[in-house]
Amino acid sequence: MNGTRDGLVVLKGRALRMWRSVLTAVVLIPILGTITASVTIIRWGIEPRHVWLAAGLYLITALGVTAGYHRLFAHNSFATSTPTRLLLGVAGSMAVQGPILGWVADHRLHHQHSDGPGDLHSPAFGRQPGLRGFCASLAHAQCGWFFTGWRASGRYANDLYRDSVIRFVDRNYVWWIGLSLASPGLIDWLIARDPFAAGQAVLVAGFSRIFALQHVTWAVNSVGHSFGRRSFETVDHSRNNAVLGVLALGEGWHNNHHAVPHSARHGMTAWQLDVTWLLIRALEALGLAWDVQRPRTQQ
């Protein structure tokens, strides 16, 4: 059975066992797919188009998470049209990091309790001493917290529950996963008409791309609160990490984000590359985004 406490949903018994089984599949299957892809590449090589296909889908689905799930839906850092909201929601869902309503609720809870009691994935709160304790805290923040059975309650995303577009995206999450995996094979089949190459495209641009993006995004929770520089004296342990800044399309400037959470811009200097901000600026220039939140000079 389930319970609710202080804004948290606690899964128990059969519900917890089912939850853990699903999450094990979500984490493990992309790993197995990546291993299989590596074997096929070693044995038969790889088509260059598979690399480009993986890179293109990584960019699309990553922007769905960073511009959509995070900056638009979790923080309302800009406004956009219904079709753009739908596209960003679907693209974020194709990253296979959870349905949009649960993702947003968990993230808002994180900001409310960042690195303190109630933060579900902090690597700092409850950390044990020594190297072993440090590694365990990183593993917990990366993806171990999924299996605890604790999640943010729906009250943290009440505004999105009232949005018919978001409810549509959320309840069809399984279909977006299917699209994420099937689309590389379909695209490759239309190009080459080779079933083996299409299968390898699914492994490389499907499973391996999902695996890479999952762990880059989750590393913002672990690495982004453990390694890097602090430009702002925030109440948590958030860090700016240049490697994550590139791989996570601007999300790695995490200390900047925690200093000004509602800003659509995370990279605040010329050298802090923020690809997500470039997309939002382009949408704004085209009239497809408005009310774009920026950090004020005094902030």
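Start by selecting G224, which sits in the loop between helix 9 and helix 10 (242–247). Keep in mind as you click around that this is a predicted model. Is G224 buried or exposed? It's buried, with a relative accessible area of 1%. Now add A201 to your selection and draw a distance from C-alpha to C-alpha: the two residues are 23 apart in sequence, and G224 lies 31 Å from A201 in space.

**Next stop: two more loops**

Jump to E47, in the loop between helix 1 and helix 2. This residue counts as partly exposed, because its relative accessibility is 35%, and that label covers values between 20% and 50%. For another distance, pick C135 as well. E47 and C135 are 88 residues apart in sequence, and their C-alpha atoms are 37 Å apart in space.

Then go to E251, which you'll find in the loop between helix 10 and helix 11 (254–259). Its relative accessible area is 9%, so E251 is buried; the cut-off for that word is under 20%. How far is E251 from A15, C-alpha to C-alpha? The separation is 33 Å, for a pair that is 236 residues apart along the chain.

**Two backbone angles to check**

Select V96, in the loop between helix 3 (82–93) and helix 4. Look at its phi: the value is near 60 degrees, which is positive even though V96 isn't a glycine. V96 is buried too, with 7% relative accessible area.

Now move along to D291, in the segment after strand 5 (289–290). Here again phi is positive in a residue that is not a glycine, at about 50 degrees. Is D291 buried or exposed? D291 counts as exposed, because its relative accessibility is 53% and the cut-off for exposed is over 50%.

**A pair of helices**

Hide what you don't need and show helix 2 (48–74) and helix 8 (173–192). Their axes are 11 Å apart, and the two helices pack at an angle of about 155 degrees. That makes helix 2 roughly antiparallel to helix 8, a term used for angles over 145 degrees. Which hand does the crossing of helix 2 and helix 8 have? It's right-handed.

**Last stop: the largest pocket**

Keep helix 2 and helix 8 on screen, since each supplies at least two residues to the lining of the largest pocket. Add these other elements, which do likewise:

- strand 2 (8–11) and strand 4 (150–152)
- helix 1 (13–44) and helix 4 (100–112)
- helix 9 (195–222)

Which helix gives the most to this lining? That's helix 4, with 7 residues.

To find the middle of the pocket, select Q97, G98, W103, D106 and R151, which lie nearest its centre among the 43 lining residues. The volume of the largest pocket is about 880 Å³. Finally, try colouring the lining by class: you should get 26 nonpolar residues, 13 polar and 4 charged.

Notes: Residues are numbered from 1 along each chain as its sequence is written. This is a predicted model: local features need pLDDT of at least 70, side-chain atom pairs count only at pLDDT 80 or more; totals for chains, interfaces and linings use all residues. Side-chain values use heavy atoms; hydrogens and water are left out. On a 1 Å grid over the protein atoms alone, a cavity is a set of points where a 1.4 Å probe fits but cannot get out, and a pocket is an open set with protein on both sides within 12 Å along at least five of seven lines; lining residues have an atom within 4 Å of a point. Grid points are joined across faces, edges and corners, and a volume is the space filled by probe spheres set on the points. Helices (H or I, at least four residues) and strands (E, at least two) are DSSP runs, numbered from the N terminus. Ala, Val, Leu, Ile, Met, Phe, Trp, Tyr, Cys and Pro count as nonpolar, Asp, Glu, Lys and Arg as charged, and the others, Gly among them, as polar. Buried means under 20% relative accessible area, exposed over 50%, partly exposed in between (1.4 Å probe, protein chains only). Axes are lines fitted to C-alpha atoms, for helices over the stretch in contact, and angles run from 0 to 180 degrees between N-to-C directions. Angles under 35 degrees count as roughly parallel, over 145 as roughly antiparallel, 65 to 115 as roughly perpendicular and the rest as oblique. A crossing is left-handed if the near helix is turned anticlockwise from the far one by less than a right angle, and right-handed if clockwise.
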